[in-house]
Amino acid sequence: MEIHFRGKQCVAIVLAAGRGTRMNSDIPKQYLPVKGKPVLYYALKAFQESFIDRIVLVTSLEDVEYCKKNMVEHFGFHKVSDVVAGGKERYHSVWKGLQAAGECDYIFIHDGARPFVTEEILKRAYDSVSEHDACVVGMPVKDTIKIADENGFADSTPKRDHVWMIQTPQVFTGRLIYDAYKTLIEKEKEILRRGIRITDDAMVVETFTDRKVKLVEGSYENIKITTPEDLQVAESFLARIYSD
């Protein structure tokens, strides 16, 4: 009999289907080595060693067998219950992951190119989703933000203490996020026709449900590996972590 964290079943969907065009590399960013191991390894390791019950890994169709053999089997990530092929857009990949996840209490959706998610972040997100049903990890911005007009001129300056940079995981009750994505997929043509670009999971919930999404403190180190410079930062973070 499984004993779930605080009596709730938690499933992580780890997204690793992106190609990472800004990395200027033939190797997708999630497989690039950092301290001798792929970026994706560190994200999966964090969930493997946490209270999460199961992990659904979503990758590109051509990488499914590679991930099964060289990530899941090689590193012994026994919590990975499914490795599934994603879709054209990020939201297609999340939908595939949700279908593989099945019924559960909470879904943690995480970008595989964010290697520095921690147990502390996951527990803060768990506490928040337990109370609010929907939350996203992020951090208040450090810099002043300008809103530009269509000609590239500064149009307005939002209050800095009201502006957050959003990270992952983004966490929801299983039924809430499944139903929101189901509606998105059903209305996809209409959404595209209206020129709406779905950028994250919180936006899906905000658009297709009446539920507000709580912001939860993550970490300034919970970076997404996007450019070659990010790899250098990741190397320095890991050097410090493993020297402590």
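**Figure 1. Helix α4 and its buried face.** In helix α4, the buried residues are Ile-121, Leu-122, Ala-125, Tyr-126, Ser-128 and Val-129. Please keep in mind, here and in the views below, that this is a predicted model. The helix covers residues 119-132, which makes 14 residues. From its first C-alpha to its last, α4 reaches 20 Å, close to the 20 Å expected at 1.5 Å a residue. What do its buried residues pack against? Their partners are the strands β1 (10-16), β6 (106-111), β7 (134-140), β10 (164-173) and β11, together with helix α1. Asp-133 follows α4, and its phi is positive, near 75°.

**Figure 2. The largest nonpolar core, with Leu-44 in the foreground.** This core has 45 residues, and those with the most contacts inside it are Leu-44, Phe-47, Leu-57 and Phe-108. Helix α1 (residues 39-48) gives the largest share of the core, seven residues. Follow Leu-44 outward and, setting aside residues up to four places away in sequence, you will find that it touches Val-14, Ile-55, Leu-57, Met-71, Phe-77 and Val-80. A second core, separate from this one, has 29 residues, among them Val-84, Leu-98, Val-136 and Ile-198.

**Figure 3. Lys-79, a buried lysine without a salt bridge.** Lys-79 sits in the loop between α2 (64-75) and β5 (80-85). The residue is buried, yet it has no salt bridge. How far away is the nearest side chain of opposite charge? That side chain belongs to Asp-53, and it is 6.7 Å away, whereas a salt bridge requires the nitrogen to be within 4 Å of a carboxyl oxygen. The side chain of Lys-79 does reach a backbone oxygen, that of Ser-50, at 2.6 Å. Leaving aside neighbours within four places in sequence, Lys-79 is in contact with Phe-47, Gln-48, Ser-50, Phe-51, Ile-52, Asp-53, Arg-54 and Ile-55.

**Figure 4. Two salt bridges along helix α5.** Side chains of opposite charge can pair when their charged atoms come close. Asp-179 and Arg-175 form one such bridge, with their closest N and O atoms 3.0 Å apart. The two residues are four apart in helix α5 (residues 174-186), so about one helical turn separates them. Asp-179 is partly exposed at 34% relative accessibility, and Arg-175 is also partly exposed, with a relative accessible area of 48%. Further along, Lys-182 meets Glu-186 in a salt bridge of 2.7 Å, N to O. This pair, too, is four residues apart in α5, and therefore separated by about one helical turn. Lys-182 is partly exposed at 35%, while Glu-186, at 55%, is exposed.

**Figure 5. A bridge from a loop to helix α8, and a charged network.** Glu-221 forms a salt bridge with Arg-240, and the closest N and O atoms are 2.8 Å apart. Because Glu-221 lies in the loop between β11 (214-217) and α8 (228-241) and Arg-240 lies in helix α8, the pair ties together parts that are 19 residues apart in sequence. Both ends are partly exposed: Glu-221 has a relative accessibility of 27%, and Arg-240 a relative accessible area of 35%. Elsewhere, Arg-90, Asp-111, Asp-201 and Lys-224 are linked in a network of salt bridges. How many salt bridges does a search of the whole structure find? The search finds 12.

Key: Residues numbered from 1 in each chain as written. Predicted model: local features only at pLDDT ≥ 70, side-chain atom pairs only at ≥ 80, totals over all residues. Heavy atoms only, no water. Core = buried A, V, L, I, M, F, W, Y, C linked by side-chain atoms within 4.5 Å. Buried < 20%, exposed > 50% of the residue type's maximum accessible area, 1.4 Å probe, protein only. Contact = heavy atoms within 4.5 Å. Expected span 1.5 Å × (residues − 1). Lys, Arg positive; Asp, Glu negative; His and termini not counted. Polar contact = N/O pair within 3.5 Å; in protein donor to acceptor, adjacent residues only side chain to side chain.
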